Amino acid sequence: MMHPRFARLSALADDDGATTRDPRIVRHVEGCARCRETVAEIRRIRDAVRAEPAERPGAAVIEAALARRARGERVILPTAGGSAAAPRARARRVGVRAAVAVAAAILVGLLLPRGGELTAFSSELALTPAAPRPGDRITVEYRPTAGLGAEPRLVLRARLRTPADQGYESGAPPPVVAATLERDDDGIYRGAFALPDSAVFALLAVENEAATLIDTNARRGWEILVHDADGRPLREALEQRFNDMLGRSWEEGHAAVRRMAELYPDDVRSWTLLAATDRAVLGEAAADSLQALHEGRFRAFHERYRTDPSLDGDLVAWMMWYGRGTADSALVAHWEERLAREHPTHPLAVQDRIVYGIAAPHEDDPVRALELAEELWEEVGFRHANQLNVANQLADRSGDPELIRRWRRRSLELFPEQAGVVGRALVAHPELREEGLAMLRERIGWLEDAHRHRRTLFRTEAEQRDQYAQGRRSLLAVHGRALLAADRAVAALDTLALAVSGGWDPDLFRDVAEARLAAGDTAGAAELWAKAAVDPETAPAFADSARAWVPSVDDDAWRALLRSSRHEMIARVVDGSIQRRLPASLAMTDAEGARRDLVRDLAGRITAVVFWSRWCGPALEALPGIQRMADRLAADGAHLVLVVEDPPSAELRSFFEEQGVSLQILHDTRREAQAAFVNFGTPAYFVVDEEGRLRFEYGSLRELLRQVAVLRDERLVDGAGAP
Amino acid sequence: MARPLYDPTSERALARDAAAGRPDALRELYDRHGAVLLRVARGITGSADDADDVLQELFVGLPEALRRFDGRGSLEGWLRSVAARFALRWMRAEGSRTRIPIELDSGPTPRGDAGTDAGMRVLLGQRIRTAVDELPDALREVFALREIEGFSHAEIARLLDITEGASQVRLHRARAILRKRLRRER
């Protein structure tokens, strides 16, 4: 009699349902003593391993670690995402983070961008009244910046926030046209509009009618805070200002909640938000010293509200939130229990129930967790992305297509703009592939002309179109790969051809080349391998290997392909560049405390400028990669400067030393560079050309190499973008 | 300063203070979770010395890393996954280091009848660590993550940048080797 292979018995020994059981094997094992013993033995080994008591580590380890910390040593730990094993994450970049602005498409050789954002600081926007009440009529006077002054009329757009809106740009409704401004004889543009009664905060920008030029007031925009009868900004207005600053500026967000706490000291929300932002903005030391203040505040609120039986759900939830950041757990437990008991359907209560009541205790049993989540769904419905995200993660872990479909569908109903994300998730499962493909197709179609009706406040129509095009190409690639997996090669190749028709993604080129070769399209494969080969990120040896894969292409033709690919790379990458003059000088301090001028340091060579912070997790993680990138750029005659906001210190110097960092570091203590580059976060990557013009902004570390190579070579291509 | 008493049912305050780099909080964290983290490190590295080193590095870096802990799921679960990631990175960095093989028959002969379940457990308890340590790195990592730490194949696949299928195959191979070795000793 044939016994099953060991691997099958081993799979059977996993009694957690992770592997599907073949009934024939189950039947065999039931009747076969030898195989039964093998399975039992595997389980005994596992049980013995698990039963081994955990050894307690000695005190020397922690004391040594604390001593090293006291000396200022730090270790960067890999905390999440991607693989821990590979030296580089191989994950493909999919689209661009929504927060990252995509540069305008412009022609090389012009000093002023033909389209894009105007950064002259000379414009003025006056709003009357300056402290409007809800629903007030507001008159506008705009003294234009140079680029806009020739237009007969301009458009004032606004992001209007109501008290219920959420954080980040995505948490607010899309911008609306607030008013048309007509030019008067004195060159000033005037107009008026009425604030909707519900609006408490607005962020404004001015653009021309064609939406090709925008005055963003150096990305600050102009703000309206709605005030009360006593001339105080409404608490809700300050809270929405804070929400609007998320993803833009922590400092300004912190300033908004500080003002909230000054004006509304009796409101627990002010203090909750303040406690939440203190640490991020003021740093550890200052936040620690404020800890006692928050603890005292919380206790005072606790005493005031503890016995009040008629608190609304929001107030209880804010108390819980404030307590979690500041107080000891016995006090917090009071509010946690109260929220759960009195307001079990409050969004924060629902979130706690799904995270701590369902997902965490059933971490090992996602199917059971989802049964409970189903009950919760029937009881309250989920209205927040966080709640659905937890359910979707559980469904993904269960691997059950029906559960995955159900929860992803629910996400889609609530958040239709998630169609791409949902489609991506579905096509990964053969059973759900067709459904996912349909969703992707619909989203891809929508993205085609979405820039006309859905545009963020600071983007021109062209920038928005580029942004959507990038997202569209990324979805086309997912769609094409899914078709390939479904053995629909012809349709797959058509889709993938569209995906590689714009942008520049060497990984995608390689994937599509392989698909083309598999389908017998040697010439098409060669064309894409040549593109991948000329990318500076690709190892030089790749060109030789790729050449060998397409023997039917002769040497001359291959060389011609490489040449045209190079030109095309330059054209496509330059197409995404900008040209912005920097101020004549930017005062900085070097590591020894001496004064330096960033602009002078930049002169005459292509320079990558990286804004970096010691206090930012992603920035810390990127540091070794930044050092490697600097070394590679140096080999190419380019330069990399690390701009740090903190003042120079011995501690920071020794930190860099221990991390093996030998970069040029400039300290932007006056934040001049931050203002000139219009930068809000870290790590942020910019490239400045030899003429000292800012050419690429908000890129990624990976892209720097290509951007620098393209700037070096763009002159070789007829002095213009086209080959 | 007296050591603060952290409520054992809520770890948020502890995580917050540890994130601020407070030594007393870090000691408390070490008391509570050090043993589990040492086990993770030991399972992946297959060496007691390496495991101690990994644990020390981990606690040097924890405060900064904790600022990225989003409070979703348990603190211990998060710590274990950070420890696993870091131990794997440590192994890759160590790369070509040589290890002195431990003689399988060097220990005292176990008591009890290895043929019975109880006897098998005694035997395994004494031999298992050596046998697991002796597994090839790629197999031991999967075995430790799956059998000792209970990670799913999907999680292991993400950690090691391999497919779930490859994770399953490695687990089967590790089990086959362990079974053979432990049987040979009976």
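In this predicted model, the contact between the two chains draws on 65 residues from chain A and 66 residues from chain B. Put together, chain A and chain B bury about 6200 Å² between them, and 54% of that area sits on carbon and sulfur atoms. On the polar side of the ledger, 4 salt bridges run between chain A and chain B, and 12 residue pairs are in polar contact across the interface, with both partners at pLDDT 80 or more. The biggest giver on the chain A side is helix α3 (residues 33-51), which supplies 9 residues to the surface that touches chain B. A salt bridge joins the side chains of B:R27 and A:E63, with N and O 2.7 Å apart.

Turning to chain A itself, the fold is built from 26 helices and 17 strands. Of its 723 residues, 51% count as buried. Contacts in chain A reach a good way along the sequence: taking those with a separation of 6 or more, 65% join residues 24 or more positions apart.

How far can the chain A coordinates be trusted? The average pLDDT for chain A is 84, and 90% of the residues score at least 70. Among the elements of chain A, strand β4 (residues 153-161) comes out with the highest mean pLDDT, 97, while strand β1 (residues 116-118) has the lowest, 54. Residues 81-115 of chain A fall below a pLDDT of 50, yet this stretch has 85 contacts in the model beyond near neighbours in sequence. Residues 718-723 of chain A are also below 50, with 11 contacts counted in the same way. Where pLDDT is low, the predicted coordinates should not be read in detail.

Next come the nonpolar cores. The largest holds 75 residues, and the members touching the most others are A:W558, A:W612, A:I626, A:L640, A:L642, A:F656 and A:L663. Looking at A:L663 up close, and skipping residues up to four places away in sequence, its contacts are A:L623, A:I626, A:Q627, A:A630, A:L640 and A:L642. Apart from the largest core lies another one, of 63 residues, which includes A:L225, A:A256, A:V257 and A:V332.

Over all chains, the salt-bridge count comes to 67. A few of these pairs show how varied their surroundings are in terms of burial. A:R452 pairs with A:E461, the closest N and O atoms lying 3.9 Å apart; A:R452 is exposed, at 59% relative accessible area, and A:E461 is partly exposed, at 25%. In the pair of A:R596 and A:D601, the N to O distance is 3.0 Å. Here A:R596 is partly exposed at 32% relative accessibility, whereas A:D601 is buried at 15%.

In chain B, a salt bridge links B:E149 and B:R80, with 2.8 Å between the closest N and O atoms. B:E149 sits in the loop between α6 (137-148) and α7 (153-160) of chain B and B:R80 in helix α4 (residues 75-94) of chain B, so the pair ties together parts that are 69 residues apart in sequence. Both B:E149 and B:R80 are buried. Back in chain A, salt bridges also join up into a network, linking A:E141, A:D184, A:D186 and A:R190.

Two single residues round off the picture. B:H33 belongs to helix α2 (residues 23-45) of chain B and is buried, with a relative accessible area of 5%. Leaving out neighbours within four places in sequence, B:H33 is in contact with B:E11, B:L75, B:E76 and B:L79.

A:D267, for its part, is found in the loop between α6 (250-263) and α7 (268-305) of chain A. With a relative accessible area of 15%, A:D267 falls under the 20% cut-off and therefore counts as buried. A polar atom of the A:D267 side chain lies 2.9 Å from the backbone nitrogen of A:R269. Not counting residues up to four places away in sequence, A:D267 touches A:R235 and A:F301. A:L315 is 48 residues from A:D267 in sequence, and in space the two are 9.3 Å apart, C-alpha to C-alpha.

Notes: Residues numbered from 1 in each chain as written. Chains lettered and ligands numbered in written order. Heavy atoms only, no water. pLDDT = per-residue confidence, 0-100. Helix = DSSP H or I, 4+ residues; strand = E, 2+ residues; numbered from the N terminus. Contact = heavy atoms within 4.5 Å. Core = buried A, V, L, I, M, F, W, Y, C linked by side-chain atoms within 4.5 Å. Buried < 20%, exposed > 50% of the residue type's maximum accessible area, 1.4 Å probe, protein only. Buried area = accessible area lost by both parts, 1.4 Å probe. Polar contact = N/O pair within 3.5 Å; in protein donor to acceptor, adjacent residues only side chain to side chain.
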